[in-house]
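Student: Got a minute to go through a structure with me? I'd like to start with one chain and then switch.
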Protein chains: 2
Amino acid sequence: MVGMPYFTDTEQLMPSALNMKRVSIKDIAAKAGVVPSTVSLVLNGKARQMRISAELEERVKKIAEEEGYMPNQTAVSLRTGRSKLLGLIVEDISNVFFASLAKIIEDKANERGFKILYCSTDNDDEKGNDLIKVLHNRGVDGFLITPSPGMQKEVSRLIAQHKPVVLMDRYFPGLSGAYVLADNYSGVADGMKHLLDKGYRNIGYVTNDLGQIQMIEREKAFTDTMGRFLEAPDQKILRLPYHVPTAEAVEMISSFLKENTDLDAVFFATNYLGIFGLESVGQLGLAVPSDLAIVCFDDHDIFRLMVPGITCVRQPIEEIATAAIDLLIRQLEEDETIGEDMHQFKLPSLVIRNST
Amino acid sequence: MVGMPYFTDTEQLMPSALNMKRVSIKDIAAKAGVVPSTVSLVLNGKARQMRISAELEERVKKIAEEEGYMPNQTAVSLRTGRSKLLGLIVEDISNVFFASLAKIIEDKANERGFKILYCSTDNDDEKGNDLIKVLHNRGVDGFLITPSPGMQKEVSRLIAQHKPVVLMDRYFPGLSGAYVLADNYSGVADGMKHLLDKGYRNIGYVTNDLGQIQMIEREKAFTDTMGRFLEAPDQKILRLPYHVPTAEAVEMISSFLKENTDLDAVFFATNYLGIFGLESVGQLGLAVPSDLAIVCFDDHDIFRLMVPGITCVRQPIEEIATAAIDLLIRQLEEDETIGEDMHQFKLPSLVIRNST
DNA sequence: CTGAAAGCGCTTACAG
DNA sequence: CTGAAAGCGCTTACAG
């Protein structure tokens with residue numbers, strides 16, 4: 001029995017159908033007549049350092065090339081502790097805003113040799129926290145997260161463990177981690193200024209009921225503006241529940257407007273297109289009297305097309321994604337500096353008046 | 001030196017900042033006073049089989065629970081050859097159609113304990129082929145792909161290697177692999193029937209120039225219908241280049257319509273919303289004379305809202321995604337049956353007349 | 001019932 | 001310059 005392979009029935013370990021018989025470092029070594037470590041050294045660019053002859057280096061490289069050798073990333077990850085994998089946790093990948101972020105992040109990550117594991121929290125704290133643990137357990141090198149409010153503890157744990165994390169679109173005020181998002185306060189302030197400049201004074205506000213930091217800051221800009229520029233401001237605010245069917249939400253907006261006939265303008269605090277789906281935009285268009293001035297926060301091309309004369313405050317999606325992935329990779333590469341110089345960005349939003 | 005740890009300076013192997021000191025199976029074993037294999041056996045539900053005492057089993061489980069132990073997936077993958085990772089390769093994750101697919105797939109995959117590695121081909125054959133290799137190399141258990149035409153060889157290699165693959169939205173006619181997509185031919189035929197029923201006879205057709213199988217089948221339905229129902233059909237077809245700026249594409253459509261003033265209807269073969277971006281819909285709306293009947297293939301809520309009276313042929317996105325992931329997981333689980341009973345689905349599209 | 005050992009495919013300090 | 005060996009964290013056949 002001596003000399004027999006340890007597992008006589010390898011099928012049980014790895015079904016042959018799945019066993020791709022990929023070329024391993026051993027195969028290359030055998031072909032080149034060297035030991036596997038030499039191959040590893042050469043392929044990791046340490047031939048010089050280890051004073052391996054140039055011709056041997058060339059030979060090994062050539063064979064590896066010919067055989068189409070690619071190091072098994074799972075093994076590399078286990079050995080080195082670096083997976084070249086990034087965890088992307090967004091609210092909902094099917095929402096245009098997050099899908100756009102995901103695409104830009106993917107491109108930038110690929111350029112640096114990183115792949116992306118994505119998942120959606122659906123604004124569910126527990127799901128989000130689980131996701132962090134699971135991805136961590138899968139060995140991702142870092143995280144890009146648009147966290148829901150209840151994810152603060154889990155996120156701070158990551159930061160405490162010096163795991164690279166960059167938050168996007170939201171952040172936790174008390175937490176000294178990196179984040180990138182639109183400057184929500186000034187965005188809404190700018191949009192409000194636009195309305196005031198046009199002479200509107202009775203401005204209503206529609207937001208959600210999630211208590212997300214970005215929504216709070218937007219709302220603060222609204223109430224501040226109203227309080228600053230108007231005497232005895234009568235603030236009409238509608239808080240739509242997040243998990244409500246489209247038709248019902250539209251109904252609530254309709255009622256809100258009917259109950260407040262004195263309004264001459266409405267500020268929508270978020271992208272109802274993304275949340276309620278495309279259908280709702282049309283219904284919303286119908287529900288909103290045409291003599292009402294409208295400003296929307298978020299990337300609402302559709303809204304602008306649907307509702308002539310609407311003004312949008314647009315988030316700089318590309319800039320957010322680019323800055324976030326850059327920050328994350330910088331954290332990954334210059335490990336020592338983490339914690340010393342934090343990076344927190346609020347990027348300016350753009351007020352876009354519809355040209356139509 | 002005997003008894004000293006092999007690596008005196010572990011920092012160099014794994015920077016402590018990244019070394020999460022996660023609880024390992026060894027820690028649990030030490031706490032429980034057993035050997036690591038026992039822990040592994042218990043946690044993998046093989047206590048019974050190995051006749052480990054119920055009380056020991058309980059104790060180990062309790063400790064693992066208390067310590068928050070999760071097996072390191074990288075190590076499990078390396079050992080078992082199964083990563084519980086699925087590769088999702090789409091044309092462009094930021095396109096609503098693919099983002100919607102991605103969300104449904106994510107949900108279904110999570111239910112089964114799988115995570116998703118996504119990437120976009122951007123319709124670039126070489127990029128797509130690289131992606132297959134890289135994901136394969138990362139040890140994904142299976143693939144969900146919306147391939148570009150030049151990916152056939154790489155896809156068939158996967159199939160030849162019995163790697164689970166399900167194609168979505170496209171397929172390769174010569175290839176005996178699993179796929180799920182809308183029945184493109186009948187979808188367009190249905191849409192055409194709708195136009196003919198309404199009395200339209202001079203129907204133009206706008207498609208892309210990629211030669212993708214789904215586009216070919218759609219076009220065939222168009223030409224067949226024209227040839228079957230009309231005498232001496234004068235087929236006006238516009239092939240828009242894929243990589244063309246929106247404005248230019250709209251311009252080309254405009255010219256096409258001007259050069260063919262006898263047209264009374266136009267059939268759009270794909271989702272120009274997704275391809276050209278939201279802006280284009282408005283421009284397209286403006287470019288299309290209002291007395292022209294329009295049918296669009298794809299999930300065009302926007303189009304329907306923008307262009308009153310438009311008819312859409314909608315792809316059953318949810319059904320496609322659900323069927324695809326189910327098929328893939330079935331391939332993963334019942335490994336033996338692969339190759340014997342292939343699964344190929346063409347799901348019916350839905351013709352949706354605008355109610356507006 | 002339990003434990004020692006091999007091995008998944010790599011990387012790297014160390015000894016020659 | 002090169003090679004033997006350890007070890008990343010697991011799983012599992014096998015020997016007691």
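Student: What phi does B:Gly139 take, just after helix 6 of chain B?
Tutor: Keep in mind that this is a predicted model. B:Gly139 takes a positive phi of about 80 degrees.
Student: And how many residues does helix 6 of chain B have?
Tutor: Helix 6 of chain B has 13 residues, 125–137. From first C-alpha to last, the helix reaches 18 Å, close to the 18 Å expected at 1.5 Å a residue.
Student: Which residues of that helix are buried?
Tutor: B:Gly128, B:Asn129, B:Leu131, B:Ile132, B:Leu135 and B:His136 are buried. They cover an arc of only 155 degrees around the axis, so they sit on the same side of helix 6 of chain B.
Student: What covers them?
Tutor: The cover includes strand 1 (85–90), strand 2 (115–120), strand 3 (142–145) and helix 7 (152–160) of chain B.
Student: Where does B:Asp122 lie?
Tutor: In the loop between strand 2 and helix 6 of chain B. B:Asp122 has a positive phi near 55 degrees, and it is not a glycine.
Student: Switching to chain A. What is the phi of A:Asn123?
Tutor: A:Asn123 has a positive phi of about 65 degrees, although it is not a glycine. A:Asn123 is in the loop between strand 2 (115–120) and helix 7 (125–137) of chain A.
Student: Is A:Asn123 buried or exposed?
Tutor: Buried, because A:Asn123 has 20 C-beta neighbours inside 10 Å.
Student: What about B:Asp122, with its 15 other C-beta atoms within 10 Å?
Tutor: B:Asp122 counts as partly exposed.

Technical notes. Residues are numbered from 1 along each chain as its sequence is written. Chains are lettered from A and ligands numbered from 1 in the order in which they are written. This is a predicted model: local features need pLDDT of at least 70, side-chain atom pairs count only at pLDDT 80 or more; totals for chains, interfaces and linings use all residues. Helices (H or I, at least four residues) and strands (E, at least two) are DSSP runs, numbered from the N terminus. The expected span of a helix is 1.5 Å times one less than its number of residues. A residue is buried if 20 or more other C-beta atoms lie within 10 Å of its own, exposed if 12 or fewer, and partly exposed in between; C-beta atoms are placed from the backbone. The arc is that of the directions from the helix axis to the C-beta atoms. Two residues are in contact if their C-beta atoms, placed from the backbone, lie within 7 Å.
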